[in-house]
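Here is a friendly walk through one protein model, written for someone who likes to check geometry by eye. Please keep the viewer open as you read.

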Amino acid sequence: MDRAPGVSVRLKLTLSYAGFLMVAGALLLAAVWVFLLRYVPDRAMLINPDERPTGGVFPIRSVLLSVFAPRAFAVLAFLLVFGLVGGWLLAGRMLAPLTRITAATRLASTGSLSHRILLPGRKDEFRELADAFDTMLVRLEEHVAEQRRFAANASHELRTPLAISKSLIDVARSDPTHDTGEIIERLHAVNTRAIDLTEALLLLSRAGQRSFTREQVDLSLLAEEATETLLPLAEKLGVTIETSGEIAPADGSPALLLQLTMNLVHNAIVHNLPGQGTVSVDTSVRPKSVVLTVENTGDKLTPQVVSTLTAPFQRGTERIHTDHAGVGLGLAIVDTIARAHDGTLTLTPRTGGGISVSVELPRSPRTPAGDASAN
């Protein structure tokens with residue numbers, strides 16, 4: 001933003017210091033005049049040497065004023081010079097941290113987010129500002145790095161279905177006798193996957209921006225709805241679902257929290273032991289929070305692998321693409337939705353295989369509308 005040049009803060013502070021010093025000096029000299037010189041008589045008085053041993057003439061007001069005034073002006077001039085020089089030096093010293101903060105801000109505006117102010121000294125307003133700015137730079141650098149990785153991964157994931165679609169179209173154009181029904185089916189499957197990925201990306205962006213209205217939501221009811229919706233998929237894959245828990249009231253977006261629950265249950269069903277797996281969905285209430293926990297059986301996972309599962313397009317096992325494998329954004333969306341609701345996502349590998357995923361959200365202070373609980 002272009003602004004007209006103005007007086008620097010250092011000069012303003014210098015003039016303020018000098019002006020304050022001049023006012024204080026003038027008040028002091030005025031006090032001397034009011035409370036001292038005003039009581040000096042205007043006419044000279046002779047003192048009888050016989051009455052007082054000191055003797056002499058008592059000074060009159062005009063004489064004292066003629067002596068006092070020039071020196072008073074000299075003192076004021078000294079105070080002015082002293083205030084300007086001292087104020088300039090003092091203002092420069094006081095504003096030195098602000099200069100470092102300004103330099104760091106300009107570096108950040110050019111895209112250099114790795115610079116830190118690291119202002120030394122004890123805590124004061126400038127150091128609080130510098131520490132807050134450093135914290136903002138850290139988070140901004142992490143956010144930019146995450147967005148770059150996400151954009152690269154999303155571009156890679158979207159490029160694959162587009163490349164497959166182009167290849168299928170090229171085959172249909174080069175070989176008119178080829179079975180068009182098979183090509184159409186494959187194009188439909190590829191386009192469906194691309195649409196699912198795009199919708200997941202939009203949902204992830206919406207959750208991250210927190211652009212939703214908060215309402216009271218019972219996580220136990222969402223768990224019931226998710227398990228009922230995904231029960232046909234679980235039966236098809238031979239996975240048993242068990243639900244339990246109590247009323248778990250939280251404040252948030254019903255649609256996003258339902259999507260969070262659906263993603264957790266869907267992941268637990270798909271990434272499971274085929275034909276003999278189990279999924280456990282539970283809700284619990286703590287003094288200040290509510291917890292949704294989804295556990296499943298499956299392959300053994302190391303803590304190192306589990307720590308990467310919330311990253312976009314990551315899976316716990318090999319990157320397979322089946323009909324129900326998803327687009328690799330399930331837990332990334334869950335993590336984003338949880339953080340958007342001021343909650344936390346915790347992933348813990350189970351000893352016998354599989355994983356336990358818990359989402360902890362702040363408990364709603366209001367009383368739930370109904371008394372229904374998870375079965």
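Which residue in E6 does Glu 242 stand opposite? The residue is Ser 280. Please bear in mind throughout that this is a predicted model.

**The whole chain**

The protein has 375 residues, of which 31% count as buried. Its secondary structure comes to 8 helices and 9 strands. Among contacts with a separation of 6 or more, 73% are between residues 24 or more positions apart. The accessible surface is about 23400 Å², and carbon and sulfur atoms own 60% of that area.

**The open sheet**

Let us return to the strands. An open sheet is built from 5 strands, in the order E4-E6-E7-E9-E8, with mixed pairing. Strand E4 (239-245) and E8 are at the edges with a single partner strand each, so each has one side without a neighbour in the sheet. From one strand to the next, the twist averages 15 degrees.

Both senses of pairing can be found here. E4 and strand E6 (residues 277-285) are parallel and share 7 bridges. Strand E8 (residues 344-349) and strand E9 (residues 355-362) are antiparallel, and 6 bridges join them. One of the contacts in this second pairing is easy to look up: Pro 349 has Ile 355 of E9 as its bridge partner. E8 and E9 make a hairpin with 5 residues between them, and Gly 353 in the turn has a positive phi of about 115 degrees.

**Helices on the sheet**

Helix H6 (residues 254-270) lies across E4, E6, strand E7 (289-296) and E9, and runs at about 25 degrees to E7. H8 also packs on the sheet, where it touches E8 and E9, and its direction makes about 140 degrees with that of E8.

How many of the 11 residues of helix H8 are buried? The count is 10, so helix H8 (residues 330-340) is mostly covered. Among the buried residues of H8 are Leu 331, Ile 333, Val 334 and Ile 337, and the list also includes Asp 335 and Thr 336.

**Positive phi away from glycine**

Two residues that are not glycines deserve a look in a Ramachandran plot. Leu 118 has a positive phi although it is not a glycine, and the description also fits Asp 342. Asp 342 comes just after H8. The table sets out the two residues with their loops and accessibility.

| Residue | Phi | Loop | Relative accessible area |
|---|---|---|---|
| Leu 118 | about 50 degrees | between helix H2 (61-109) and helix H3 (125-174) | 63%, exposed |
| Asp 342 | about 60 degrees | between H8 and E8 | 49%, partly exposed |

Why does Asp 342 count as partly exposed? Its relative accessibility is 49%, and the class of exposed residues begins over 50%.

**A buried threonine**

Thr 297 is found in the loop between E7 and helix H7 (303-306). Is Thr 297 buried or exposed? Thr 297 is buried, because its relative accessible area is 18% and the cut-off for buried is under 20%.

The side chain of Thr 297 has polar company. A polar contact at 2.5 Å links it to the side chain of Asn 272, and the side chain of Thr 297 also reaches the backbone nitrogen of Thr 278 at 3.1 Å. Leaving aside residues up to four places away in sequence, Thr 297 touches His 271, Asn 272, Leu 273, Gly 277, Thr 278, Arg 350, Gly 353 and Gly 354. Gly 353 has already appeared above, in the turn of the E8 and E9 hairpin.

**One aromatic pair**

The search for aromatic pairs gives a count of 1. The rings of Phe 78 and Phe 82 have centres 5.9 Å apart and planes at 20 degrees, so the pair is stacked. Phe 78 and Phe 82 both belong to helix H2 and are 4 residues apart, about one turn of the helix. In an α-helix there are 3.6 residues a turn, so residues three or four places apart point the same way. Are Phe 78 and Phe 82 buried or exposed? Both Phe 78 and Phe 82 are exposed.

Terms used: Residues are numbered from 1 along each chain as its sequence is written. This is a predicted model: local features need pLDDT of at least 70, side-chain atom pairs count only at pLDDT 80 or more; totals for chains, interfaces and linings use all residues. Side-chain values use heavy atoms; hydrogens and water are left out. Buried means under 20% relative accessible area, exposed over 50%, partly exposed in between (1.4 Å probe, protein chains only). Two strands pair if DSSP finds at least two bridges between them. Contact means heavy atoms within 4.5 Å. Accessible areas come from the Shrake-Rupley method with a 1.4 Å probe; for residues, only the protein chains shown count as cover. Rings of Phe, Tyr and Trp (its six-membered ring) pair if their centres lie within 6.5 Å; planes under 30 degrees apart count as stacked, over 60 as edge-to-face and the rest as tilted. Axes are lines fitted to C-alpha atoms, for helices over the stretch in contact, and angles run from 0 to 180 degrees between N-to-C directions. A polar contact is a pair of N or O atoms within 3.5 Å; within protein, one must be able to donate a hydrogen and the other to accept it, and residues adjacent in sequence count only if both atoms are side-chain atoms.
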